[in-house]
Amino acid sequence: MPLELPDSHDLTLLQQRLIDWFASTARDLPWRHTRDPYRILVAEMMLQQTQVDRVLPRYTAFLEVFPGLETLAKAPTATVIQMWAGLGYNRRAVNLQRAARVVLAEHGGIFPQDVTRLQQLPGIGPYTAGAIACFAFEQDVAFMDTNIRRVLRRILVGPDSTNQPSGDRLLLPLAQALIPPGQGWTWNQALMELGALICTAAAPACQRCPLRVHCHAYTAWRNADEQAFSGSAEIIDYTTTRQRTVRRVAEQRGEAFVGSNRYYRGRLIAILRELAPGTTLSLPQLGAQIRADYTDDHQSWLQSLLAGLARDGLVELVDDRVRLPTE
Ligand code: SF4
């Protein structure tokens, strides 16, 4: 069955229900009070894979140190990485500064407004470009993040396990057609808010959802519940299996992270961030600080980790010693 939009009557109702819900429920977040593309970019970079509660104090602190594009572009990269402490995925800090430097050097400090040109900035992909075009320049642009993708997929396709193609290539045109004209800012904020507060990955609160009468996933789960009450063991398992799967995946993600290369990359940056500006460490010094079992046998592994960090602009290697970037 092809993916399709609700008919125009239902579509209008769906749009109005979500917008009304957002008006009555939306959290008061500082990036919702600005249309400054620099501040929107900072917020969007911080919010990628990081919870709002963790971002809030760091967003404020970051903007106190780097209140505008120019201050960020001209700062030493080491200072930017230091201000990123606690957010993880440090490469985002370097990409953020690279984007600021390109906007300053090549666009006279004025952000491009067009999605295609925004995507030409370093580290800015389709999601961030769409978010800036929409949240800073109020364009009716559709884009996908984890929350928006999950909400739209459940509404238009069905439960997460539904075996129907629904990649971004198919979802994006529908996401675009769902936007009420002239209300792209509110619509996209509302979709993200619904995904964060109600339609969460592990436990969608359908009974509190303003869109449940429009939602394919809700209909499927409700039908499953009704059949379960009428005695179908196979369908009883449908819901419980879904919840067990979500929990197991979350647990596996946590276990896989500790000891992974991403874990050690984060540890390396955290140690270098604590040093006085320009201070270097030798490989054995650094190795001994990130793992208690460090020996010479780990040196090539450590070198390849550091080479990756250097390629991402997060460290500098100077005569077999390591430091945060000084430029
Ligand atoms: S009804 Fe449930 S599954 Fe559908 S959008 Fe709302 S919370 Fe998500």
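1. Tyrosine 89 counts as partly exposed, with 16 C-beta neighbours inside 10 Å. The terms are set as follows: a residue is buried if 20 or more other C-beta atoms lie within 10 Å of its own, exposed if 12 or fewer, and partly exposed in between, with C-beta atoms placed from the backbone. Tyrosine 89 sits in the loop between helix 5 and helix 6 (91-106). Although tyrosine 89 is not a glycine, its phi is positive, at about 45 degrees.

2. The structure is a predicted model, in which local features need pLDDT of at least 70 and side-chain atom pairs count only at pLDDT 80 or more, while totals for chains, interfaces and linings use all residues. Residue numbers start from 1 along each chain as its sequence is written.

3. As to the overall architecture, the protein contains 16 helices and three strands. These elements are DSSP runs numbered from the N terminus, helices being H or I of at least four residues and strands E of at least two. The C-alpha trace spans about 70 × 50 × 30 Å along its principal axes. Of the 327 residues in the protein, 31% are buried. Contacts are counted between residues whose C-beta atoms, placed from the backbone, lie within 7 Å. Among contacts between residues at least 6 apart in sequence, 62% join residues at least 24 apart.

4. A second loop residue with an unusual backbone angle to note is glutamine 49, which has a positive phi of about 60 degrees and is not a glycine. Glutamine 49 belongs to the loop between helix 2 and helix 3. Its surroundings hold 11 other C-beta atoms within 10 Å, so glutamine 49 is exposed.

5. Helix 3 (residues 52-65) has 14 residues and should span 20 Å at 1.5 Å a residue; its end C-alpha atoms are 20 Å apart, which agrees. The expected span is 1.5 Å times one less than the number of residues in the helix. Val55, Tyr59, Phe62 and Leu63 are buried in helix 3. The buried residues of helix 3 pack against helix 2 (37-47) and helix 5 (77-83). An α-helix has 3.6 residues a turn, so residues three or four places apart point the same way.

6. Helix 6 agrees with its expected span as well: its 16 residues should cover 22 Å, and the end C-alpha atoms are 22 Å apart. Its buried residues are Arg92, Ala93, Val94, Asn95, Leu96, Gln97, Ala99, Ala100 and Val103. The cover over these buried residues includes helix 2, helix 4 (69-74) and helix 5. After helix 6 comes glycine 108, with a positive phi near 65 degrees.

7. The largest nonpolar core has 77 residues, among which Ile40, Leu41, Val42, Met46, Ile81 and Ile132 touch the most other members. Helix 2 provides the largest share of this core, eight residues. Such a core is a set of buried Ala, Val, Leu, Ile, Met, Phe, Trp, Tyr and Cys residues joined through C-beta atoms within 7 Å. Apart from neighbours within four places in sequence, isoleucine 132 is in contact with Pro37, Ile40, Leu41, Phe111 and Leu118.

8. The ligand is surrounded by 14 residues, of which the closest are Cys199, Cys206, Cys209, Cys215 and Tyr218. A residue is taken as near a molecule if its C-beta atom, placed from the backbone, lies within 6 Å of it. Helix 9 (146-156) and helix 12 (216-229) each supply at least two residues of this shell, and helix 9 gives the largest share, three residues. By class, the shell has twelve nonpolar, no polar and two charged residues. In this classification Ala, Val, Leu, Ile, Met, Phe, Trp, Tyr, Cys and Pro count as nonpolar, Asp, Glu, Lys and Arg as charged, and the others, Gly among them, as polar.

9. Glycine 158 lies in the loop between helix 9 and helix 10 (168-178). It counts as partly exposed, having 19 C-beta neighbours inside 10 Å. Not counting residues up to four places away in sequence, glycine 158 touches His216, Ala217 and Ala220. From leucine 47, glycine 158 is 111 residues apart in sequence and 27 Å apart in space, C-alpha to C-alpha.

10. The three strands form an open sheet of order 1-3-2 with antiparallel pairing. Strand 1 (281-282) and strand 2 (316-318) are at the edges with a single partner strand each, so one side of each has no neighbour in the sheet. Strands pair if DSSP finds at least two bridges between them. Strand 2 and strand 3 (residues 321-323) run antiparallel and are joined by three bridges. Leucine 317 has valine 322 in strand 3 as its bridge partner.

How values were computed. Contact = placed C-beta atoms within 7 Å.
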